[in-house]
Amino acid sequence: MELSELYGRRIPASQVPKELLVNQQIRKYPMIKVEKKTIRCLRCGQVTPKQVAYLPDNQYYCPSCILLDRMSTLDYLVGVDEPNAFVKENSEVLTWQGKLSKYQQQCSNELKKYVTSGHKHLLWAVTGAGKTEMLFELLAQNLQEQKRICLASPRVDVCNELYPRLQQAFGRTDIQLLHGSANQSYRYTQLVISTTHQLLRFYHAFDLLIIDEVDAFPFVHNRQLEYATKQALKVDGALLYLTATPDKDLQAKIKRHEFSVSYLPMRFHTHPLPQAKVLLRPNWQEKLQGKHKLAHLDKILANWIKRQEPFLLFVPRISLLQPVFEAMQNLFPTLKGQTVYANDEQRIEKVLAMRQGEFQYLVTTTILERGVTFARLNILILGADDEVFSLSALVQIAGRAGRSLQRPKGDVYFVCHEYTKTIKGAIKQIKYLNQKAQRMLHDG
């Protein structure tokens, strides 16, 4: 292990070679603060009653972050103050050759203006608006200024999609990808792409911290990850949130002026968001076992297959993945597809295979509701009225379609028992965003 691997970090001393621990630059931090009736974990910020966290000999451990590895009052954390030990680039760090639209450029300029030291900003842009590309000039500016940056997301799939895109856009910059399934050993880099859980291992490291999909599970309303965000950011660092579907809490913070905001209701290709069609199919689950296995949806599917267009079939429960997949195999035995869900050991490989055209479809849970892009995609949500599909989830899933210039429209179907308030709300929100985009185009 190199000393640089401890820059801006706070990790268990047990993970550091003993010969390195004697270095005078290393700071030591207690793991747990013992209070009168509770213990407070200084790694994840969680407060736990003593009786829950008790160990023999009046010692305590934190049950909240035990998945990172068990830490107790017998342990301590170590790290080195972030030195920003980066070589200043003489050449242009942004190697991306693309061009932003007029409206994307306006947002990009606002980011460079408002995302400054000690400031909080929100980029609120519809799915497919090109949020990643709008970040490029801000990232380049901070890299040139030798600042350290992290782009974090709650979802592994989002990180995996961002990594190659940023590698291509910043071809001269070493970028670290950090998540539980990443095949990279940790090293000190100026630009880090990580899941939000990985922020628990950083301490006052980043001058600029960007949280993508800020309204997504497991980040939203998660105190542990909010604590991790605060700890990973430098005291005077800049915080940028990205979302297409801010929840009520975030919108309330906007009204209280806790964030400045950049807003773009238009996709990069200026075509409207695909409007979902509602198909009432009572008892569609029961029909999986009958003659009409996919509730008379075969014509829609056959049309997509004939046009060689990829599609995602969303289901509300893991238990429905296999029955729907088997129904697809019975209807279209030669068609290549698979199932995928959050804890699927082959999740990354299956998503990559879909992107490369090896599969024409995936049967999936909400794990692919956001942050993944497949060209020419169509969407079908089975059980769109299930409570697992929130309004924002429905809007996000619908937003997977029509993201490419080759086919900017896309088909979206909500299959449901009943036309619920949530479904009506999602359709209304998509219509509203499209109207806002049309007004923006009309006003020039």
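This is a walk through the structure, stop by stop, with what to select and what you will find there.

**Before you start**

You have a predicted model open, so local features need pLDDT of at least 70 and side-chain atom pairs count only at pLDDT 80 or more, while totals for chains, interfaces and linings use all residues. Residues are numbered from 1 along each chain as its sequence is written, and side-chain values use heavy atoms, with hydrogens and water left out.

**Stop 1: a strand with both faces covered**

Select 378–382, which is strand β20. Strands here are DSSP runs of E with at least two residues, helices are runs of H or I with at least four, and both are numbered from the N terminus. Five of the five residues in β20 are buried, so the strand is largely enclosed by the rest of the structure. Buried means under 20% relative accessible area, exposed means over 50%, and partly exposed is in between (1.4 Å probe, protein chains only).

Now colour the two faces. Asn378, Leu380 and Leu382 are on one side, with Ile379 and Ile381 on the other. That fits a wider pattern: in a regular strand the side chains alternate between the two faces of the sheet.

Add the partner strands next; two strands pair if DSSP finds at least two bridges between them. Strand β17 (residues 311–314) pairs with β20 in the parallel sense, over four bridges. To find the register, look at Phe311, whose bridge partner in β20 is Asn378. Strand β21 (residues 412–416) also pairs with β20 in the parallel sense over four bridges, and here Ile379 has Val412 as its bridge partner.

**Stop 2: the nonpolar cores**

Stay with Ile379 and Ile381, and add Phe170, Leu240, Leu312, Leu368 and Phe414: these have the most contacts inside the largest nonpolar core, which has 71 residues. A core here is a set of buried Ala, Val, Leu, Ile, Met, Phe, Trp, Tyr and Cys residues joined through side-chain atoms within 4.5 Å. Helix α4 supplies the largest share of this core, seven residues.

Which residues does Phe414 touch? Leaving out residues up to four places away in sequence, its contacts include Val278, Leu279, Ile381, Leu394, Ile423 and Ile427. Contact means heavy atoms within 4.5 Å.

Another core, of 37 residues, lies apart from the one around Phe414; select Met71, Ala152, Leu199 and Phe202, which are among its members. As background, nonpolar side chains tend to be buried together in soluble globular proteins.

**Stop 3: Gln104 in helix α3**

Jump to helix α3, residues 102–114, and pick out Gln104. Gln104 is buried, with a relative accessible area of 5%. A polar atom of its side chain lies 2.9 Å from the backbone nitrogen of Ser101. Beyond residues up to four places away in sequence, Gln104 touches Ala129, Gly130, Met134, Leu264 and Phe268.

**Stop 4: salt bridges**

Stay on α3 and select Lys112 together with Glu137; the two form a salt bridge, with the closest N and O atoms 2.9 Å apart. The pair links distant parts of the chain, with Glu137 in helix α4 (residues 131–144) and Lys112 in α3, 25 residues apart. Glu137 is partly exposed at 24% relative accessible area, and Lys112 is partly exposed at 28%. A salt bridge means a side-chain nitrogen of Lys or Arg within 4 Å of a carboxyl oxygen of Asp or Glu, and a search of the whole structure finds 22 of them.

Next, select Glu161 and Arg355, whose closest N and O atoms are 2.5 Å apart in another salt bridge. Glu161 lies in helix α5 (residues 156–169) and Arg355 in helix α10 (residues 347–355), so this pair ties together parts that are 194 residues apart in sequence. Is Glu161 buried or exposed? At 9% relative accessibility, Glu161 counts as buried, whereas Arg355 is partly exposed at 36%.

Then go to Arg307 and Glu309, whose side chains meet in a salt bridge of 2.8 Å, N to O. Glu309 is buried at 5% relative accessible area, and Arg307 is partly exposed at 31%. Finally, show Glu133, Glu161, Arg165 and Arg355 together: salt bridges that share partners join them into one network.

**Stop 5: an open sheet**

End at the open sheet of three strands, ordered β3-β4-β5 with antiparallel pairing. Strands β3 (32–34) and β5 (47–49) stand at the edges with a single partner strand each, so one side of each is left without a neighbour in the sheet. Select 38–41 for β4, which pairs with β3 in the antiparallel sense over three bridges. One pair to label is Lys33 with its bridge partner in β4, Arg40.

Note on methods
A polar contact is a pair of N or O atoms within 3.5 Å; within protein, one must be able to donate a hydrogen and the other to accept it, and residues adjacent in sequence count only if both atoms are side-chain atoms.
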